[in-house]
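Please open the model in a viewer and keep the selection tool at hand. The tour proceeds by stops, each of which names what to select next.

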Amino acid sequence: MNYNDLTRNYFESAANAGELEGPGVFRGAAGNRDQGTWVQFDLRINGGAVSEAKFLAFACPHTIAVAAWLTERAVGGQVTPVLPESVPALRDRFAVPVEKMGRLLIIEDAWLAAVLPAIDYREGTHIVK
Amino acid sequence: MSATRTPVSPMPVYLDHAATTPLEPRVAARMAEVLSSETEYGNPASASHSYGDVAAALVESARAQVAATVGAAAREIVWTSGATEANNLAILGVAQYYRERGRHIVTARTEHKAVLDPCRELERRGWEITYLVPDREGLLDPTQVAAALRADTVLVSLMHVNNEVGVVQNIAAVGAICARHGSAWLHVDAAQSVGKCPVHFASLGADLMSLSAHKVYGPKGVGALVISQRGESGGRGRVQLSALQFGGGQERALRAGTLATHQVVGMGLAFELAAKISSVETARVAQLRERLWRGLLSLGGVLRNGSATRSVPHILNVSFEGVEGESLLAAIRPHLAVSTGSACTSAMAEPSYVLRALGRSERLSESSLRFGLGRTTTEADVDIAIASLTHALSRLRKVAGTRVAGTLPAA
């Protein structure tokens, strides 16, 4: 299979691969290794913004690349109940084949599993939501 | 998956000799001579002039070379376009000829698609096919064949050497069982055997045997079906088969079409050279394979597929735990040319049906690689392969958060 340059670059670098520990970290995962795709995001939230993001992925190069890119893109932004970029836009940006669209939805599920609790989380008197 | 294929530069280390082999320079030179000759371009079927005689002599010389290499008589060799055509001719040809005697065929789940697909076609036409299941090492017990034979069985079709895991089946025992049965002919796909392990058509007890040139450092586009001429005085006569294509009556009317003299000459020389492969070279390739296996073993979470003791020396098939198959292939692709455990035959990759038949899970089948070593493979190539896989596995397992406990037992 061929991959576009963006996919190849983010797959090969896999920047931000790993896990976060400590206060303010929210974790979300989706998928199943036995079914070929599993993704996990760790987001550190400070004052309603993402200050650090990591991911793990047992998945194809497209999925790894998108997950890596999202963790980079998210840092510095406000926590919102959506992906930093929509699934159709990610599909176009990374030239994800149509038969792999389900894997982008797994990424979305993992992302939302991390951010939704963060949005509900009350930090001191500040309500992120 | 369909995609534009872009050449890689520099080219990766080639460890896919089970898929195809580079053309042996002496074979290429001889083929070029035939192609450019002013006297060897005749139609081998033209009996009315000397140009035809010269070409026919080349064809017959090549026929003798191939026959000598596989322990057959020259008159038993029928040229085809490759092993796929030979398999089709054997299976469909026997089925058609003996359709009134019986419509049952025995084969195995781990056969090449060039055997399974003709069998599927016969199923669609009303034949019954029994698919034998090998053990976890990929080996069939000949008694499985004996148990599967029926009064209406007309053909047993089994491969000598499995193309994915390299195991060698006990064909001689199956041949004896078929001979005792009386009406079941034995077809053997020997595309992966020549030059890698002893192949002697008569000793195997086979009635039909498929051969390929390009697996033996010969040209693509040519092969042969060996059709036994033994048994004239025996109890069950000689195997017969119906032709699948018609035209000029070439190859005893079993395979019509003008022969490609240069291709046939190339196959003949390639087989003659394969017959001269020394035990030293065979041992060299076997040592390289074990060097590769030992190197991979140290990575942990690796499983060898197929019997390690009853296999040809040039194939090593390994499953890697804790990595996703497509990512593994993408990571090593710039450095290594190997086959993956999934067949990318359509939009989505499918796990290897051979590894699934050996009991590997879908995930492990997808994260498996077949290494095919050959005459040009060096220690340096093997070390590059180990280094490339060490790096890829380390990185991908970290990305996946996978912890591999250690080496797992071989299948």
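A crossing of two helices is called right-handed if the near helix is turned clockwise from the far one by less than a right angle, and left-handed if it is turned anticlockwise. Please keep in mind throughout that this is a predicted model.

**First stop: two helices of chain B**

Select helix α1, residues 25–36, and helix α8, residues 261–275, both in chain B. Their axes come within 9 Å and cross at roughly 155°. Angles over 145 degrees count as roughly antiparallel, and therefore α1(B) is roughly antiparallel to α8(B). Viewed with the definition above, the crossing of α1(B) and α8(B) is right-handed.

Next, display the side chains where these helices meet. On α1(B), the residues include B:Arg26, B:Val27, B:Met31 and B:Leu35. On α8(B), the residues they meet include B:His262, B:Val265, B:Leu269 and B:Leu273. Sorted by class, the contact of α1(B) with α8(B) holds eight nonpolar, three polar and two charged residues.

**Second stop: another partner of α8(B)**

Keep α8(B) selected and add helix α2 of chain B, residues 50–70. How far apart are the axes of α2(B) and α8(B), and at what angle do the helices pack? The axes are 8 Å apart, and the angle is about 30°. Angles under 35 degrees count as roughly parallel, so α2(B) is roughly parallel to α8(B). Is the crossing of α2(B) and α8(B) left-handed or right-handed? The crossing of these two helices is left-handed.

Among the residues of α2(B) in this contact are B:Ala55, B:Leu58, B:Ala62 and B:Val66. Among those of α8(B) are B:Val264, B:Gly268, B:Phe271 and B:Ala275. The contact of α2(B) with α8(B) has 13 nonpolar, five polar and one charged residues.

**Third stop: the domains of chain B**

Now colour residues 25–275 of chain B as domain 1 and residues 278–400 as domain 2, following the domain assignment. The C-alpha centres of the two domains of chain B lie 29 Å apart. Their contact takes 19 residues from domain 1 of chain B and 17 residues from domain 2 of chain B. The domain 1 side of this contact has nine nonpolar, five polar and five charged residues.

**Fourth stop: where the chains touch**

Show both chains together. In the contact between them, 17 residues belong to chain B and 16 residues to chain A. Select α10 (325–332) and α13 (379–400) of chain B, since each helix can be inspected here: each supplies at least two residues of the side that touches chain A. The largest share of that side, four residues, comes from α13(B). By class, the side of chain B that touches chain A divides into seven nonpolar, five polar and five charged residues.

**Last stop: the sheet of chain A**

Finally, select the three strands of the open sheet in chain A, which has the order β1-β2-β3 and antiparallel pairing. Which strands of chain A are at the edges of this sheet? The edge strands are β1 (25–32) and β3 (49–58), each of which pairs on one side only. Neighbouring strands of the sheet are turned by 15° against each other on average, direction ignored.

Strand β2(A), residues 37–46, pairs with β3(A) over nine bridges. To locate one point of this pairing, select A:Phe41, whose bridge partner in β3(A) is A:Phe55. Then add helix α2 of chain A, residues 61–74, which packs on the sheet and touches β2 and β3 of chain A. The direction of this helix makes about 170° with that of β3(A).

Notes:
Residues numbered from 1 in each chain as written. Chains lettered and ligands numbered in written order. Predicted model: local features only at pLDDT ≥ 70, side-chain atom pairs only at ≥ 80, totals over all residues. Pairing = 2+ DSSP bridges. Axes fitted to C-alpha atoms, helices over the stretch in contact; angles between N-to-C directions. Contact = placed C-beta atoms within 7 Å. Parallel < 35°, antiparallel > 145°, perpendicular 65-115°, else oblique. Nonpolar A, V, L, I, M, F, W, Y, C, P; charged D, E, K, R; others polar. Domains from an automatic or database assignment.
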